[in-house]
Amino acid sequence: MIKSLHISNYALIDELDIDFDSGFNIITGETGAGKSIILGALSLLLGERADARVVRDPSRKSVTEAIYDISNGPLVKELLRANKLDADSDECILRREIVPGGRSRAFVNDTPVILPVLRDIAVHLVDIHSQHQNLLLASPEYQLNIIDNLADTADLLQEYRKAYAAYRQTLKQYTDTRELIRRNENDAEYLQYQYNQLAELDIQPGEHAALEQEREILANVNEIKSDLGAALDPLVNAPDNALSLMRQAVQALEELSASIGHSSDSIDFHSLAERLESARIEVSDITDSLVDYDLAIAADPARLDEIEQRLSMLYSLELKHHVDDSDGLIELQRRLREQLEALENSDNVLARLEKAAKKAKKYAMTLAAQISDKRHAAAAEFADVLRRTAAPLGMLNLRCEISLTRGKLTPDGFDQIQFLFAFNKNQALMPVGNTASGGEISRLMLAIKTIIAEKIHLPSIIFDEVDTGVSGDIAARMASMMNAISRTIQVITITHLPGVAAAGTTHFKVFKEDDENATTTRITRLSRPEREAELALMISGNPADPAALANARALLEKASD
């Protein structure tokens, strides 16, 4: 249930705090006092879009925060844990902020969350029933949701939706492959030509880069050999080349070592001779590599021409097929081969995919049928219970039929639903939008909420002027029905009817207050005398009218019986 609601800097509200009771809470106030503003702020906690235009002072942030008692809400705690949010307390705090500039932020237990997470949690904490929801009664989606709540199909629907998604995926794979094969069959000759062209070239991995490197060498062979000569001349070609001079130096050091011993007090000639010999061997190895490379390359115009032709073919094919190099052509050749093999084996491939799609559809249909059976049973019971629940609200001649017919598979199963009603004896059954008045729809919705309130395990329900279009004895019966709901869940009702207002256990009044600078919405909890005056005001327009006050006391006494 909602324990408290805080709203600040929102429309006509500067700062407002409400502490609700667990039973039947009533909110009254003159038209325009701000009752709808409170609901608008509360709807932000249900994930509704934030509009920066409602911020009272654009230089400050607007905050709407509600504290909920979730001591009897295992599902909410499970959702909190699933989203890695604090679930240890018996309270859940939802907060929405609109910061200067218009950006909104959402929090659950003081942890920032995205709106879908806030919405998923909030819908399990409170249900706001407004005139907008009266219009929803004509919606097939809303009607199906009512029946699913009563039929307890949630777990089965979850399993079905996974099966339905798997079926749609396998069906798409089948249809896409069939279309691809159809296109490939039309282009089979061209595909074969492309494959043969690539296969005949016998392209090797990395060939493109290797050929470009070899072409670079052959195209510059004279310059390369000139540079090699410049490197080899001082190393080995000159009479006094580096290698011969190093060899002489090694011999000199060895003679020094032999004549004065391996080392003197300050230097080890033998060690120096070994190090210099190692350096000479390294230089010799480098020289051998340069000589080998010099011998290996030579001007070869025929080979250069052959490379140019090969590269020209590769460049042309790479450009044609929009690939970067020879490896891209090899990958294309592989894909073409697979396409051609698929064409050769297309009947088997399609048969396998079609079989998988049929199997997936069969499983989805099995689950959809189980869901449909539960819906039919719940629909028949619901129609009967709805007639009995609505009868005390003045709908003695109400007839109701829940039509469930089979259609194509959708994410909700294959059932197509339609609520059909007749409110008079001589009236044919018709969709609710074509046959009911505003008052009848309000009473019908209250009866429906009464039936499903406990079933859907919502801790709180808010009725926003659900009694619109009714009065007198019917209004009193609607009040009695809301009072009955409040024995199991928290009920908050916004009303203009004194008979409904008197039935509440806690009464709040919304009013506007003016000062020199602004008009501000306030709310106050009414004492017994204040309730009498408020009810008298609702009855006669005069809170001090003796007759109206007597009537107000009578209504309160009757409600407390």
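**View 1. Pairing of strands β1 and β2 in the predicted model.** In this predicted model, strand β1, which spans residues 2–10, is joined to β2 by 6 bridges in the antiparallel sense. Within this pair, Y10 stands opposite I13 of β2.

**View 2. The open sheet and its edges.** The sheet is open and is formed by 6 strands, which follow one another in the order β2-β1-β4-β5-β6-β7 with antiparallel pairing. Its edge strands, β2 (13–19) and β7 (111–113), each pair on one side only. On average, and with direction ignored, neighbouring strands of this sheet are turned by 15° against each other.

**View 3. Helices α1 and α3 against the sheet.** Helix α1, made up of residues 35–44, packs on the sheet, where it touches β1, β2, β4 (62–69) and β5 (91–98); the direction of α1 makes about 105° with that of β1. Helix α3, residues 115–122, lies across β5, β6 (104–108) and β7, and runs at about 140° to β5.

**View 4. The bend in helix α9.** Although helix α9 (residues 221–237) has 17 residues, its end C-alpha atoms are only 20 Å apart, which falls short of the 24 Å that a straight helix would reach at 1.5 Å a residue. A bend of about 35° is found in α9 at A231, and a proline, P234, follows within four residues.

**View 5. The buried residues of helix α9.** The buried residues of this helix are V221, L228, L232 and L235, and the elements against which the buried residues of α9 pack are α8 (207–219), α10 (242–260) and α11 (269–296). In an α-helix there are 3.6 residues a turn, so residues three or four places apart point the same way.

Note on methods
Residues are numbered from 1 along each chain as its sequence is written. This is a predicted model: local features need pLDDT of at least 70, side-chain atom pairs count only at pLDDT 80 or more; totals for chains, interfaces and linings use all residues. Side-chain values use heavy atoms; hydrogens and water are left out. Two strands pair if DSSP finds at least two bridges between them. Helices (H or I, at least four residues) and strands (E, at least two) are DSSP runs, numbered from the N terminus. Axes are lines fitted to C-alpha atoms, for helices over the stretch in contact, and angles run from 0 to 180 degrees between N-to-C directions. Contact means heavy atoms within 4.5 Å. The expected span of a helix is 1.5 Å times one less than its number of residues. The bend at a residue is the angle between axes fitted to the seven residues ending there and the seven starting there. Buried means under 20% relative accessible area, exposed over 50%, partly exposed in between (1.4 Å probe, protein chains only).
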